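Welcome! Open your viewer, get the side chains ready to display, and follow along stop by stop.

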Amino acid sequence: MGFAAIHFLMLLCLNIFTHGFCNKIHNSTCIERERQALLKFKQDLNDSSNMLAVWTSNEDCCQWVGVVCDNVTGHVTELHLAKGVNTSMAKTEAHVRSKLGGKLNPSLLDLKYLSYLDLSDNDFQQTPIPAWFWNLTSHLRYLNISGNQFQGNISDLLTTSHASVVLDFSSNNFTGPFPRISFNVTTLDFSNNAMSGSITHFLCHRMYPLMKLEVLNLSNNLFSGEIPDCWEKWPSLVAIKFCNNSFNGTIPSSMGTLTSLQSLHLRNNNLVGEVPSSLRNCTELVTVDFGANQLSGEIPTWIGEKLSKLIIISLQTNRFHGPIPEEFCVLSSLQILDLSHNNLSGNIPSCISNHSAMASRNKSDGKISYKTSRGCFLDSIALVMKGMVIDYSTILKLIKLIDLSDNKLSGEIPEEVTSLIDLLSLNLSNNLLVGRIPDNIGAMRVLECVDLSANNLSGEIPESMSELSFLSYLNLSNNKLTGKIPSGTQLQSFTAASFLGTELHGPPLTIESRISKPVPPNPSKSAGENVDDGPKVDWFYLCVEFGFLFGFLGVAGRIIFSESWDLCIFNFWKTIKKNLWHL
């Protein structure tokens, strides 16, 4: 036999061996005791739509819906049992979307190699978490029980075997104090619960010098007391969300040590004092949301000088005074500027045209997200308008607005604002503005909402305003405008209320409406007062809802035809659920 023949036979044998070995690896079956543990777990669940129908004693549990096994050992390593879970995890066409209920069986403790457990968006009907359940966290790298009705206190979670751990307990009914957490936790979400008390013991009383936490979300709880001033121990933080709690005192200066921070939300608390100058060191910040507090002083100029990556600035409903800093004009990435409900004065800077992101369309999808060691964090913000709170997240990067309403701004509306041709919403109402509406306002073709009411504007409505084909909300009332409303345009589709309190004439105004008593401007709340105190009509809510209908090709189309979608810790369906939770 020649050398070539021997070489061929050796390669053939090697191929047969490796093929058989690989098949053995990929066809490994689950461990019998783990199969029995899963069957016991199933027995205590309410599964009315038979999501777990394939979980039977005669089947390989590694082939069951929602079960992932190690390819080599056959041990169960992951359970994906969330409602509406990714259908790629489903092994049958009948994978259900209804919710699991019942109670949790301690047989889960027999799954010694389990590292991933997702029970999110089910319905356990205000079931207390059993004490044994917290022992699972010692070997889990991912635990998501969000969107259920679990109640009771959260136990201390100090022991973890993984170097990076994600814990999501959001949108439940948990109460009690903040627990102690392992230093290996990188993402911690306790939002939308009823937890209370101080968080000082969590943030400041640590035996480890540096913590690994990257995302800390405590929004929509009952936490109180001052925000602790010991943030130097948390250098890895990328996102902090403390919205809608009862924190008081000042913004701690040690937050300036968080040089990796990209998203900082402190909205709707009881914070006072000035914005600490140490925050100028947080040069990675993309979102700053300090709205609905009692912060005071002038708006710092260093926000524009040092925080060059900002996309969102929300300082609404505080007690800021003085001018709008011209230094803001260098923020070329800025897309949302909300300074409403303050005591700001002076002119609107003419350099506002430098906000180039408001003059160009996004080429990416609509999300603003931040990379972490375990995926990414999807940002959101509540836009507060006249008492209504609407959360935007999955389309946040498509929202471009300027809201300077309810201040004491004077002078004319700068013509330069009309260069912001991708702006969706412009609200300058309830100020002391004079002069004419910019003649070239029609260049802002995608505008959906315009509110210039309750100023001292004069002259005629520019003919170019008839070119705003996506306009779905307009309020020019209570000004000194004169002349005929341009006819044969979309302006006739608005009600007379949009033009009352002026000297305008022509449809939709009638003789009766012109001689009727002018509608006084809505009395704005005092600066710094919380505006979230009851159901009111929100013009921005209306204009976005109808504006996206009328402006589908211009706005919603950018979502449909976007090519990139980030893989995030907080996926799309969970985000929709959380948005509905807020409403």
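**A tour of the salt bridges**

Begin by selecting Glu 78, which is buried, with a relative accessible area of 16%. Keep in mind that you are looking at a predicted model.

Now add Arg 141 to the selection. Its side chain forms a salt bridge with Glu 78, and the closest N and O atoms are 2.8 Å apart. Glu 78 sits in strand β3 (residues 76-80), while Arg 141 belongs to the loop between β5 (116-118) and β6 (142-144), so this pair ties together parts that are 63 residues apart in sequence. Unlike the buried Glu 78, Arg 141 is partly exposed, at 23% relative accessible area.

How many salt bridges does the structure hold? There are 8, so let us visit another.

Select Lys 309 and Glu 284, whose side chains meet in a salt bridge at 2.7 Å, N to O. Lys 309 is in the loop between α4 (302-306) and β20 (312-314), and Glu 284 is in the loop between β17 (270-273) and β18 (287-289), so parts 25 residues apart in sequence are tied together here. Lys 309 is partly exposed, with a relative accessible area of 40%, and Glu 284 is also partly exposed, at 30%.

For the last stop, select Asp 422 and Arg 361, which meet in a salt bridge of 3.7 Å, N to O. Look for Asp 422 in the loop between β29 (408-412) and β30 (425-427), and for Arg 361 in the loop between β23 (343-346) and β24 (369-372), 61 residues apart. Is Asp 422 buried or exposed? At 2% relative accessibility, Asp 422 counts as buried. Finally, add Lys 400: salt bridges with shared partners join Arg 361, Lys 400 and Asp 422 into one network.

How values were computed. Residues are numbered from 1 along each chain as its sequence is written. This is a predicted model: local features need pLDDT of at least 70, side-chain atom pairs count only at pLDDT 80 or more; totals for chains, interfaces and linings use all residues. Side-chain values use heavy atoms; hydrogens and water are left out. A salt bridge is a side-chain nitrogen of Lys or Arg within 4 Å of a carboxyl oxygen of Asp or Glu. Helices (H or I, at least four residues) and strands (E, at least two) are DSSP runs, numbered from the N terminus. Buried means under 20% relative accessible area, exposed over 50%, partly exposed in between (1.4 Å probe, protein chains only).
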